[in-house]
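Please look at the sequence and the model below, and then follow the account from the overall fold to individual side chains.

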Amino acid sequence: MAGQVESQIEVGDRGRVPGFVRFFNGVTGKLIGAGVPMGPNALLTVRGRKSGASRTTPVSVIEVGGRRWVQGTWGESHWVRNLRAAGEATLTMGKRAQPVKAAELTREEAAMFFSDVLGPYVRKMPFGTFLIGSVLQSRDILDDPRAAAERHPVFELHSAD
């Protein structure tokens with residue numbers, strides 16, 4: 001694995017990230033790093049915008065219709081700012097690592113993503129609405145996609161190959 005798995009979600013523009021997220025990110029990161037499939041979760045390794053060192057964090061990858069996205073559930077987290085600055089990363093799912101280019105969606109594109117892609121995706125998942133609304137405290141993604149686009153950056157990932 002390119003960088004040590006760590007929490008790249010220190011402080012977002014929505015305030016402090018709940019403690020359980022750090023705990024689960026540590027566990028999830030270790031399992032994914034060991035090659036254990038974790039549903040839509042993957043490791044995102046991106047160059048730090050200040051240090052230049054590789055930073056790795058677990059993220060959920062939304063894959064629909066052959067396209068892939070990641071979104072900043074906790075707002076302007078470290079991994080979001082690093083990905084925005086670098087424009088590229090390595091996405092590791094299971095034992096497969098793939099270099100990717102990241103294109104940040106505009107606010108309008110992000111609002112459409114939340115209403116047309118992520119909303120229906122989440123509603124199909126068992127407990128998806130509960131997970132987004134209660135556990136991740138991101139009910140705005142389902143109820144108010146325009147407002148969500150102001151608080152949750154979204155990146156589309158493309159193969160760098």
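Of the 161 residues of this protein, 43% count as buried, and the coordinates under discussion are those of a predicted model. The secondary structure comes to 6 helices and 9 strands. Among the contacts between residues at least 6 apart in sequence, 64% join residues that are at least 24 apart. The accessible surface of the protein comes to about 8100 Å², and 54% of that surface belongs to carbon and sulfur atoms.

A useful place to begin is helix α2, which spans residues 78–86 and has as its buried residues Trp79, Val80, Asn82, Leu83 and Ala86. Seen down the axis of α2, these buried residues fall within an arc of 165 degrees, so they line one face of the helix. The general geometry is helpful here: an α-helix has 3.6 residues a turn, so residues three or four places apart point the same way. What covers the buried residues of α2 includes the strands β3 (41–47), β4 (54–60) and β6 (67–71), and it also includes β7 (88–93), β8 (96–104) and β9 (154–159).

Within α2, Asn82 deserves a separate look. Its relative accessibility is 3%, and Asn82 counts as buried because this value is under the 20% cut-off. Arg55 is 27 residues away from Asn82 along the chain, yet the C-alpha atoms of the two are separated by 8.7 Å. After α2 comes Gly87, whose phi is positive, near 75 degrees.

Two of the strands that help to cover α2, namely β3 and β4, also pair with each other: they run antiparallel and are joined by 7 bridges. In this pairing Ala42 stands opposite Val59, a residue of β4. The hairpin of β3 and β4 has 6 residues between the strands, and in this hairpin Gly52 takes a positive phi near 80 degrees.

Ala42 appears again in the surroundings of Thr92, a residue placed in strand β7. Thr92 has a relative accessible area of 16% and is buried. Leaving aside its neighbours within four places in sequence, Thr92 is in contact with Ile32, Ala42, Leu43 and Ala97.

From the buried residues the account can turn to the surface. A nonpolar surface patch of about 420 Å² is made by Phe23, Phe24, Val27, Leu31 and Val36. Of these residues, Phe24 has its place in helix α1, which covers residues 19–33. At 45% relative accessibility, Phe24 counts as partly exposed.

The charged side chains offer another route through the model. Side chains of opposite charge can pair when their charged atoms come close. A search of the whole structure finds 8 salt bridges. One of the pairs is that of Glu76 and Arg84, in which the closest N and O atoms are 2.7 Å apart. Both partners are partly exposed, with Glu76 at 24% relative accessibility and Arg84 at a relative accessible area of 34%.

A further salt bridge joins Arg146 to Glu108, the closest N and O atoms being 2.9 Å apart. Arg146 lies in helix α6 (residues 145–151) and Glu108 in helix α3 (residues 107–124), so the pair ties together parts that are 38 residues apart in sequence. The two ends of this pair fall into separate exposure classes, for Arg146 is exposed, with a relative accessible area of 52%, whereas Glu108 counts as partly exposed at 40% relative accessibility.

Helix α6 takes part in another such link, since the side chains of Asp140 and Arg151 meet in a salt bridge with an N to O distance of 2.7 Å, and Arg151 belongs to α6 while Asp140 is in helix α5 (residues 140–143). These two residues are 11 apart, and the pair links distant parts of the chain. Asp140 counts as buried at 15% relative accessibility, whereas Arg151, at 31%, counts as partly exposed.

Finally, Arg47, Glu88 and Lys101 are linked in a network of salt bridges. Residue 47 falls in the range of β3, residue 88 in that of β7 and residue 101 in that of β8, and these strands are among those that help to cover the buried residues of α2.

Note on methods
Residues are numbered from 1 along each chain as its sequence is written. This is a predicted model: local features need pLDDT of at least 70, side-chain atom pairs count only at pLDDT 80 or more; totals for chains, interfaces and linings use all residues. Side-chain values use heavy atoms; hydrogens and water are left out. Buried means under 20% relative accessible area, exposed over 50%, partly exposed in between (1.4 Å probe, protein chains only). Helices (H or I, at least four residues) and strands (E, at least two) are DSSP runs, numbered from the N terminus. The arc is that of the directions from the helix axis to the C-beta atoms. Contact means heavy atoms within 4.5 Å. Patches are made of residues with over 30% relative accessible area and no salt bridge: like charges are joined within 9 Å, nonpolar side chains (Val, Leu, Ile, Met, Phe, Trp, Tyr) within 5 Å. Accessible areas come from the Shrake-Rupley method with a 1.4 Å probe; for residues, only the protein chains shown count as cover. A salt bridge is a side-chain nitrogen of Lys or Arg within 4 Å of a carboxyl oxygen of Asp or Glu. Two strands pair if DSSP finds at least two bridges between them.
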